[in-house]
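Work through the exercises below with the model open. Each task is followed by its solution.

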Amino acid sequence: MPIEDDMHTKIVDAICNLPVTNLSTLSAGEDLYEPYVWALVLEAAERMGAVISLRDRNGGAPGSFWFRTQPSGIASVAHPYCHALIEFEGCPALEAHVGIYVSGRSKVRHECDVAVLFKSEADACRDNNTHPRCSKAILTVECKFYVNATVGVGHGRSFLGLINDIQNGERYFVATRASSSVSKLFAKHNKEYELGLSPMSPDLETRLRGSFEKAFRDFKSEFA
Amino acid sequence: MADTISEIEAQELLVKLDMELRKAIPDHLPLGVDLVPDWAEPLTVLDLIQAEIAEGRPVVRKVRVADGDIDRLTGTQRTSQGSSAELTGSQPYTAVEALALTTEALALVFVSPVQMASRLMSTLSKFGAVEADNISVSFAAKKEQMPSPVLELDALTVDIARVTAEPLANELKKLSGSLGAVTLDLSIRPEKN
């Protein structure tokens, strides 16, 4: 498809008309990326047969939906943050959260952008104002929204350090930009990752959701 | 007429885009309105992606490295051919590749948030058993003790954002299609449950 002579003008005009909404800023992408990945996790759970409902801290149905933009404790009462209750028949109930801390093997707290954990653990932590143990998180996802892919290597290295402390298993690293350096890093360490993930790449969405589905399949098989 | 954009066309478009955007953004600054950081963001995106383009694509080159010229024991010249090593370097992006990176960056920042918001609203409506028109989403400030959210979404906000972003999405989609790489999905239609 050949380009039009005035394409640059059309693009510039379209960009200049953008800032009238609050979804046309860099921070909007950063804020939305984790809930977007959380939504993919819920889709995967549903496809594996889960019954899903949304809850607030007190277990009620939320009137409005609050999300964190910075990690905080699962017991935080700063806002009525919502989470998803995931129920597979015959299995312990799970919860999916955005932006919470979990405690690692070293008892140091770590940030989890998206975490699926046992409801029993979440309840105990809410009652006692503590962080869930990483061993009770069946799936975690580190989500990075960045424009410049070269910064991804640093995030990738941090992630490798992190998962040493929160145990191997279903630990994923996802980022908006593809980077051969980060790919090599994770491939060499045999880690789960999806780079270039955004709604602009539906094939990658499908592949990642499939990986999440496998995680739920394995979880279900433990209790079959 | 070629189906894909040529190196010369890509280079021209990159230059025009950069020049026009840097010229246009300050002209659009609304006087007395405290929106300067937002209005300057297209330039931030350009700067970020241009920095990546300037660094080039990381490549690994297999090169032969001499073991050392002089044998320390005998003081004579070594006859060894040296050893092979994989060294990391970079290779410049072509203009078409640079344009593809720029297109992707602009779409990522200005179109994908609308797509993600649509997806989130759809998910909340489905699993929260709430009509899409009645959903209200708040994103807490980085300091969560701050009572006001940093971002609020509802069906109307997302609809407005969708309409506003559509012209850019259409142009970037056309451009992406002419670059010969993987075409980006820039559809911003409402999500269906």
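**Exercise 1.** Decide whether A:Y172 is buried or exposed, then classify its ring pair with A:F212.

Solution. A:Y172 has a relative accessible area of 2%. Buried means under 20%, exposed over 50%, partly exposed in between, with a 1.4 Å probe and protein chains only. So A:Y172 is buried. A:F212, at 0%, is buried too. Next, the rings: centres lie 5.2 Å apart and planes meet at 85°, so the pair is edge-to-face. Rings of Phe, Tyr and Trp (its six-membered ring) pair if their centres lie within 6.5 Å; planes under 30 degrees apart count as stacked, over 60 as edge-to-face and the rest as tilted. The pair links strand β7(A) to helix α6 (residues 202–222) of chain A, 40 residues apart. Helices (H or I, at least four residues) and strands (E, at least two) are DSSP runs, numbered from the N terminus.

The model is predicted: local features need pLDDT of at least 70, side-chain atom pairs 80 or more, while totals for chains, interfaces and linings use all residues. Residues are numbered from 1 along each chain as its sequence is written, chains are lettered from A and ligands numbered from 1 in the order written, and side-chain values use heavy atoms, without hydrogens and water.

**Exercise 2.** Which residues form one aromatic cluster?

Solution. The search finds nine aromatic pairs over all chains. One cluster consists of A:F88, A:F118, A:F216, A:F219 and A:F223.

**Exercise 3.** Find the residue that lies over the face of A:Y81.

Solution. A:R68 does, 4.1 Å from the ring centre. The criterion: NZ of Lys or CZ of Arg within 6 Å of the ring centre and within 35 degrees of the ring normal. Likewise, the charged end of A:R109 sits over the ring of A:Y101, 3.9 Å from its centre.
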